[in-house]
Every structure is written in C-alpha cells, then in structure tokens.
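User: Hello! I am new to this structure and would like to know how its labels are earned. Could you walk me through a few?

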Amino acid sequence: MTSRTLVGRVVALAGTVALISSLLATSVAAAPSASARAAGHTRDRGTVVPAVAAARARGVERPTIKRPLRALPGLAERAVTPNLPTQHHARIIGPLPVVATEFPGISQAPDGLALEPPDPWIAVSPSHVVQSTNGLVRISTRAGTVLQSVPTWALFGLDPSELDSDPRILWDKAKSRWIGVLLSYQSDFSFNYLNVAVSDTSDPTGAWRIFSYEYTDDLGAPTLPDYPGIASSTDKVVLTANEFNGPDFVGGSVLVMKWSDILAGVFPNPSLWTFADPGVYTPRPALVESSSADVHLVSVDAAGTDYQYAKLTGSAPTSIVWHGLGGIMTGYCEATAPRQPGIPATITDAVDGRPTDAAWFSNTLAVVSTCSSGGDDYTRVSTLNTTTNPPSLIRDDLIGAGLGTDTFMGGIGFTGAGSLMATYTRSSASLNPSAWAAVYYAGSWKELEVTEGPTGYLGTRWGDYTAVAQDPSGSGAVWSAAAVPDASGGWATSVQRLVFDLTSPLVTAAPTQALISGTTLASYTVPVKVSWTTSDPGSGVVRTNLNLDRFGSGYTPAGSATGTSTTRSHYWKDSTNTSNFAHQYAAQAVDAYGNASAFVPGTKLTPVVYQTSGTTFSGSWGTSTSSSYSGGSSRYSSSAGASASFKTSGRSFAFVTTKASSRGKVKVYLDGVLKTTLTLTLSTTKYRTLAYVVTFTSSATHTIKLVVSSGRVDVDAFVVLK
C-alpha cells in the first residue's frame, strides 16, 4: 500500500448576481497525510460558493459528456425462468398516488445541456428542492420558484480541464445538510475522481465543502469510478462505483466516510475503500429512509446471474462481506430495448437489467431494476427482510402493463409512514415514453400516469437512473424528478410531489372570531377575522372549507382558505335590536391527498354596536353630528383627564374613533390596567376606525376606560362580539 499526502485547495467563485468569469482566490495547503488506497490520491477542494453562471471560469467550454461502456463483459440477455416475479398489471383498482405539486424541472434544449442521458435526481428538505441532471443543479422552493441554477462543475468546484457526470445529491434530515457525489475525469481518463459536496448549512444556496477521491487500481493505474452511488446513515456516508480501465470493467468498489469527520471540517479519510472487486457489479448503497447507522448494499455477481447483499455497520467499518442471494430471490434478469412510436422504433441503449436504485426503511430493503418477460420490459421491485444476514425475501414483483408495453428505468423509495413508492418510464409502439408512479398497498401495486410524453425520444440513452426522495415534511409523500421526451425529441424533466395518505386530517382548534384593529366600521357590516388550526402529518393540509350559519338559518358553504384564517364582513346590530344576528362557522380540513375531516363548529357570536348612549363620560365632553360618524353623532373632548368608560360582556371588544390631523392621544385602560396610549393623529381623516381591539378566549364582562391625554379625542362607538 502506498501513502499519499492529502492536498487541500480552496476555491471561491463569483457571487450570485454576476456571471462566473474568473477564480477569485486559489490557495494550496498541506493536509494531514493518510494511508489511502494504493497509489491513490485525495484532495480537499475547500469551500465552493454556488452561483448563477453561464460561463466557465477562465472561459473554458464544457465538452459533451460521453460516458464509457457500462455493460458487464459477457452479460447477455437471459431467458425468463419459471420462477420470475409475479406480474402486476395496470388494471388493478384501488387507492392511487396523487400528484399534489408539480412544476417544470431541467430541460435539455432550453437549459443548453447537450448531454445524454439526463440522469435525473432529486432531494428535498422542509424548505428546498434540489434537482440535478448531467450538467446542472437547480435549487428551488418547494412551490417551484427557482432560486439558483448551478452548473455541476461550479457546485463541485472542478478544474476547467475536468469533465463530469452522474450527479446525485441527498438531504440528510438528521444533520440538516445536503451531501452529493459527482464523477469527474480527464478526457483521456488519466485522472478520475469522485467528488463529495457537503453544504455548510441547511441552505443549499450557501457554501459547500468539497472533498475529492482519485481512483486507481492496486498497481496505481487510473480507473474510472462510473455510475456512483451514495447513501447517508446516522454515522457514515457510503460511496460506490463501477470501475473501468478504458472500456474494460475492473470491478465494483465501496468507500466509507465518517460523518464526524465531515462535520468537524476534517478531510474524511475513508475507513473502508475497497479496490475494484471483479465479483461485484453495480453496487448500490440503499438510501437510509428511517433512522439507522447501518447501510445496506446490493450488487450483481461477476457471472451476472444473481444479486448479492452486504451490510455495513459501525461508524468506521474496515471490511465488507457480500452474500449471494441465489436461492433467496430470483436471479438477475436482463432488459430489452424499449419500444416507442415513430423512428427510431426503440431507444437502443435505454436500459439494462442492473439495479438502478435501492432504499431501506425499518428492516425492509427495496431494490428496483428492469426485467424483460415475454418480450416486454417490466419494472422489477424486490423487497427483502434485513433482520437476518443474508436477508429473506418478502416479495419480488414485476410492475407493468405487458401486451407489447415496456415499463423501465425505475426509482424506488419509502414515504415516512413506510409506504413503498416506485417511479418509472412506460412506452410502446403506440405510446410515447411517459412518466408513471406506483404505490404498493394491500397486496398489489396501484399505478398512476404522471406525465405523458409529447413525442418519441430521438436519443439512444435514457436514464441512467431516477430518484424517489422521501419528503421530510409529510409522512405520506415523496418527490420525484420524472423525465419524458420534450416536443423536439430531446429530454425534459418535471418535479412532482407524490402523495399516498389514507389518514384524514384534523381540525385541532375550532373556528374563532375576532375584531380587527385598524379596520373600518361600515354602515351595516364590520370586518371579522375567522381563525382555526389544523393538523395533518401525512401530506399536509392544503385548504380549509368553511360553512357558515348566519342569523340561525342553518349552515351553508362559505368558501375555503389555504391558510389558517380569513377575513369576513359580518352584519352587525345595535344594542337595542333583538333580532338574531349571530354568526357561527364550522371548519373542515382537506389534505393534499383529498382526505377531509369532519366539520368542526366554532362559537356562535353576534356583532353588536353600542353608540355613545351606553358609555359613562366624566369631565368635559361635547357632541358632534355628521353622517361620517357611526349613528350620525360622536362625543368628543379636548380636556386632558376627561374619561369615558364602557362595560359589557363579550369575546372581542373594539373602540371606534376618528383619526385626523386635528386629533390627539388617548390612554386605554382595560379592567383598570393601562394597556396602551393611542396616537390618533393621521394626515388623512379616517372615520369609524377600530383603533383599539382586545379579544379573549371566552366571553366575560370587561370595562374599557378611555382617558384623554392630549388634543381632541372622539368616542364614536364600541363594537362587541358576544
């Protein structure tokens, strides 16, 4: 084994407004030496600040990515054996996934990405969505507002001489960090790296720390770490790769970093970094989607006939043992070229049978691949119980319509509640490649067409993977970045929040009513704020339906609101009116899946306006008459110390007055306690203003006392909800 010195390089890129035109700072510093992979070389690239960019630093253009061969030598299409998984067709009836949110993703032509395949990936935090394809990372809000579009080379701080491919970025909710991997290489494959980017904070638009690992074989010759995988557990990060020497497959490898090193800002020397193992093809580390230190892996064996399984435990594992799954689950199954309308009639290099993704949740490992059966491609989902090592088979399913239809290039993931969700592409001789999703429920897969492709795909590569990201803000939701052909035959992606939530939301606090400070008392109505609270951990409440019983006439629909409050105008009565002017609301919560709660009624309240006849005045007060006043008149005083007291029972109280340039200040006491001193001076005269409002959680008797502090003060009326 050869020891190499770790070299750190700090790169600062231009800010988020201007184009990247130059490197602002570059420094090189020695880092601690470490026994790394034989003849290997690692580097700490330092901190990279992502930025909106349209030009390469120093003006170097990025060539089109052309990835090396990815097929395992000798791996041919295999005949379907009798023990292949059970096929599930699209005609199954039952609860389906729902697209709760959808917005455009990254597109090949509009975004200037002359790259193939797209390799769409997605990660989601409570506040951000990070989507990546070959060449570009797009950061947006969860509603789809684009915050930054960053070239992959910029986010990962690559040298201008490097090409790149295969970006994957994860959100680690326990660490509140983003972490991603990117393959970079020279055009002659003389230096090849896996680059790891870790955000400094939960904000993906901020700075990222970059670490790089150079790949060589045991003799020091460069190898290309193709098709990298990444998984993050509570204590470690695992990278995997297929290593090539030119067109020749060398083997699969595994690299393990400690989170403690990453968070401490120390270069994460691998505790395990295996040389390319020729007996391991396409190792996939499963996304860890419930809290665990373990990372589970699957791969294909050297012969290309069976799957293999391994588990990494502890924060610094030093070895890995692969267990063959022959006899436990059906062996490897190759895929065929998917069909599509027009020319070309097939996507010639779209898919093979290797596992494209894996996810683990609460002792269940799910693996997704593409499998041909009876001449049709199916998305294969295999689930394993990992309480034993090797695990035992739970199910082995083929999702697809059959009958001349191809279903391929799947992604897999679990919701926070443990529902298994798959996404994939479907096409046929008469069906353009389209994006689909499915959920496993009650013993079968329930499918939904997500996005219909407008035309056939003119390229030859499709994939090479797609992501299903667990939503940290909803236990019944995942996110996907589906790819379909664009109108010109290139590729385009769209972002979807997919929901499968069979639990109804709750109205956790019934509707309440309150008067609103600063509003105006109209001739017959007064503004009232109606508020409530709801809860739904599954998919989130998207709206609240309201019913209103007004004047005792019974409930009728009163619209809906997306937040937790709305403002309505209520008819009021004066204190001498005995008619029923009561208003009572009932609220119903509706979640993103469409589940609805029962209507929950609030308190019945009546707006009552008390003119000055209900007020006790002390000191010098006059009377002013005008149609601008409530009831046509108002009491006023300019004598400091003059007071007016109003006492009644109710839930919400308001003092109604006039604001104008000629008005002064008044002290407000509630039940004998000074609450505020109001300034009634305003450049523009405003009559019948609710200048002071107080609201209580229950109806009770209270006294409001007003004391003139300076200038003129008007007492126009009092409004009470009672």
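Analyst: Happy to help! Buried means under 20% relative accessible area, and exposed means over 50%. Please keep in mind that this is a predicted model.

User: Why is D396 called buried?

Analyst: D396 has a relative accessibility of 9%. The cut-off is under 20%, so D396 counts as buried.

User: What makes R380 and D396 a salt bridge?

Analyst: Their side chains meet at 2.8 Å, N to O. The rule asks for a Lys or Arg nitrogen within 4 Å of a carboxyl oxygen of Asp or Glu, so this pair is a salt bridge. R380 lies in strand β25 and D396 in strand β26, so the pair ties together parts that are 16 residues apart in sequence. R380 counts as buried, because its relative accessibility is 0%.

User: How do you know that K236 and D235 form a salt bridge?

Analyst: The N to O distance between their side chains is 3.1 Å, and the limit is 4 Å, so the pair qualifies. K236 is buried at 0% relative accessible area, and D235 counts as buried at 18%. By this rule the count comes to 14 salt bridges.

User: Why is Y524 called exposed?

Analyst: Y524 has a relative accessible area of 63%, and exposed means over 50%, so the label fits Y524. Y524 is found in the loop between β34 and β35. Together with F551 and Y571, Y524 forms a nonpolar patch on the surface, with about 340 Å² of accessible area.

How values were computed. Residues numbered from 1 in each chain as written. Predicted model: local features only at pLDDT ≥ 70, side-chain atom pairs only at ≥ 80, totals over all residues. Heavy atoms only, no water. Patch = residues over 30% accessible without salt bridge, like charges linked within 9 Å, V, L, I, M, F, W, Y side chains within 5 Å. Areas by Shrake-Rupley, 256 points an atom, 1.4 Å probe, with all protein chains shown as cover. Helix = DSSP H or I, 4+ residues; strand = E, 2+ residues; numbered from the N terminus. Buried < 20%, exposed > 50% of the residue type's maximum accessible area, 1.4 Å probe, protein only.
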